[in-house]
Structures are given as C-alpha cells and as structure tokens.
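Student: I would like a close look at a single part of this protein. Please take one element and follow it through its surroundings.

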Amino acid sequence: CLAPATEFGGPQQFSGNDGGKGGHWNDMDMLTIGSRSYLFEYKVNETTGEVISKGAGPGGSALTVSQSRAQLSMWSIMKSPLLISLDANEVATWPADSKGGEPGTGLDLLAVLKNEEVLAVSDDPLGLEAFRLEDIKGTKSSIGVFVGQMQAGKFAVVMFSRGGGPNKMTLALSDLKIVNPKATASSYKVRDLWAHSDNGTV
C-alpha cells in the first residue's frame with residue numbers, strides 16, 4: 001500500500017522545514033517499485049494453538065504502475081536518495097498484472113524508474129526539498145499538494161491523491177504560493193513529466 005510508505009513519518013516528513021538540502025538529504029527509505037508481494041499460508045496447530053506460516057511463492061507486483069509513479073514523484077520532489085533492490089532482468093519478464101484493476105507489465109514498472117524528466121527533479125542542482133501545502137478537496141478524496149523550487153526559475157509540483165481511482169481537482173497558480181523574485185514572466189509553462197507533454201501556460 002503506497003499511502004503508509006509515503007506517510008510513515010507523519011506530517012513532519014513533508015513539512016518543508018529545510019530538512020533536505022545539499023549535504024543532508026531526507027531519507028524516506030527504499031523505493032518499493034519493482035518489488036513483489038509474497039503469498040503466505042497460515043495453519044494453526046490444533047494441539048498447541050501455534051500459528052505456523054509457510055511461504056507459498058511470489059505474488060504480483062507490490063505496487064501498480066500509478067502507485068509506482070506516485071512514489072517516484074514523491075521521493076524525487078523531496079530529494080530523498082532513490083534506492084532500489086531488484087533484478088531488472090527478472091522484472092522485465094513479469095507478465096501483465098491486473099492488481100487493483102490496473103494492468104501493467106514488469107517493463108512498465110522499469111519504465112517508471114527510467115523516466116529521465118522525473119529523475120531530473122531529484123537531481124536538480126539546487127537540491128531543495130518541496131514544501132507541503134494544505135490538502136485540497138478532490139471529487140473523490142483529498143489531494144496533497146507539494147511544491148519544490150528548482151534551478152532556472154522552475155518549480156516542480158506533485159499532486160498526490162489519497163483515494164483510489166480517478167480524482168479531479170481545481171488548482172490555481174496562486175494556490176501554489178510560488179515566490180520567485182528573479183522571475184520576469186507573469187506566467188509559467190506547464191509540463192506533465194509522466195505524459196512527456198506540454199499543457200499550455202498558467
């Protein structure tokens with residue numbers, strides 16, 4: 001489940017308190033993208049009452065493709081080290097997994113880890129962690145909004161839906177509380193780093 005993985009530190013984990021910057025980075029633990037869930041069988045010894053568990057082999061991917069994108073987005077904007085533990089050759093052979101009704105192959109998961117535009121947010125030379133805004137109400141559930149300053153007057157924005165399924169929201173540029181004294185333009189170009197597409201200006 002992605003929510004505990006990104007909220008284990010409580011609100012202070014994403015408070016934007018200057019805890020993450022060059023020389024001392026946030027540590028949000030390892031990425032679970034490309035990890036497999038494992039199935040276990042549980043039996044109870046009727047004489048002793050002892051619970052006995054036995055591994056029944058690997059299940060499907062621990063995260064869906066959308067959850068994997070969300071996790072890499074959060075780790076990147078918070079400037080946490082991107083640590084993974086997987087066999088890429090094995091992951092590449094995984095067939096389509098309909099976990100949560102969302103199909104995705106092992107190659108789809110590897111593509112998440114190789115998104116150069118998202119990785120560039122993590123590697124931005126300023127190295128500043130994002131700050132967290134107040135959650136915004138979506139059509140299905142609340143949505144967390146995180147804004148990170150980057151070099152050359154750019155900003156990265158992550159909108160993290162806390163519910164399952166499609167979720168819509170309205171967000172104005174003024175809601176992002178962006179303060180950029182060096183900016184000469186009154187608007188910003190918007191780019192979707194996962195779709196690799198430009199979405200106009202705001």
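How many bridges join strand S3 to S5, and in which sense do the two run?

Tutor: This is a predicted model, and every value below is computed from it. Strand S3, residues 131-132, is joined to S5 by 2 bridges, and the two strands run antiparallel. Within that pairing, Arg132 stands opposite Phe146 of S5.

S5 itself covers residues 142-149, and 6 of its 8 residues are buried, so the strand is largely enclosed by the rest of the structure. Strand S4, residues 136-137, is also antiparallel to S5 and is joined to it by 2 bridges. Here Ile136 is the residue that stands opposite Ile143 in S5. The connection from S4 to S5 is a hairpin of 4 residues.

S5 also pairs with S6, again in the antiparallel sense, over 7 bridges. One of the facing pairs is Val147 with Val157, the latter in S6. The hairpin of S5 and S6 has 5 residues between the strands, and in it Ala152 takes a positive phi near 60°. S5 thus has antiparallel bridges to S3, to S4 and to S6.

From S6 the description can be carried on to the aromatic side chains. A search of the whole structure finds 1 aromatic pair. Its members are Phe155 and Tyr188, with ring centres 6.1 Å apart and planes at 80°; planes over 60 degrees apart count as edge-to-face, so that is the class of this pair. Phe155 belongs to S6 (residues 155-161), whereas Tyr188 is in the loop between S6 and strand S7 (189-192), so the pair ties together parts that are 33 residues apart in sequence. Tyr188 has a relative accessible area of 21% and is partly exposed; the cut-off for buried is under 20%.

Two other sites can be set beside the strands. Asn115 sits in the loop between helix H4 (106-113) and helix H5 (116-122). With 5% relative accessibility, Asn115 counts as buried. A polar atom of the Asn115 side chain lies 3.1 Å from the backbone nitrogen of Val118. Leaving aside residues up to four places away in sequence, Asn115 touches Leu193, Trp194 and His196.

The other site is helix H2, residues 65-77. At 1.5 Å a residue, its 13 residues should span 18 Å, and its end C-alpha atoms are 18 Å apart, which agrees. The buried residues of H2 are Val65, Ser68, Gln71, Leu72, Ser73, Met74, Trp75, Ser76 and Ile77. An α-helix has 3.6 residues a turn, so residues three or four places apart point the same way. After H2 comes Lys79, which has a positive phi near 60°.

As for the whole, the secondary structure comes to 5 helices and 8 strands. Read from the N terminus on, the elements run α-β-β-α-α-α-α-β-β-β-β-β-β. Of the 202 residues in the protein, 31% are buried. Among contacts between residues at least 6 apart in sequence, 60% join residues at least 24 apart. The protein exposes about 12,200 Å², and carbon and sulfur atoms supply 54% of that area.

Note on methods
Residues are numbered from 1 along each chain as its sequence is written. This is a predicted model: local features need pLDDT of at least 70, side-chain atom pairs count only at pLDDT 80 or more; totals for chains, interfaces and linings use all residues. Side-chain values use heavy atoms; hydrogens and water are left out. Rings of Phe, Tyr and Trp (its six-membered ring) pair if their centres lie within 6.5 Å; planes under 30 degrees apart count as stacked, over 60 as edge-to-face and the rest as tilted. Buried means under 20% relative accessible area, exposed over 50%, partly exposed in between (1.4 Å probe, protein chains only). A polar contact is a pair of N or O atoms within 3.5 Å; within protein, one must be able to donate a hydrogen and the other to accept it, and residues adjacent in sequence count only if both atoms are side-chain atoms. Contact means heavy atoms within 4.5 Å. Accessible areas come from the Shrake-Rupley method with a 1.4 Å probe; for residues, only the protein chains shown count as cover. The expected span of a helix is 1.5 Å times one less than its number of residues. Two strands pair if DSSP finds at least two bridges between them.
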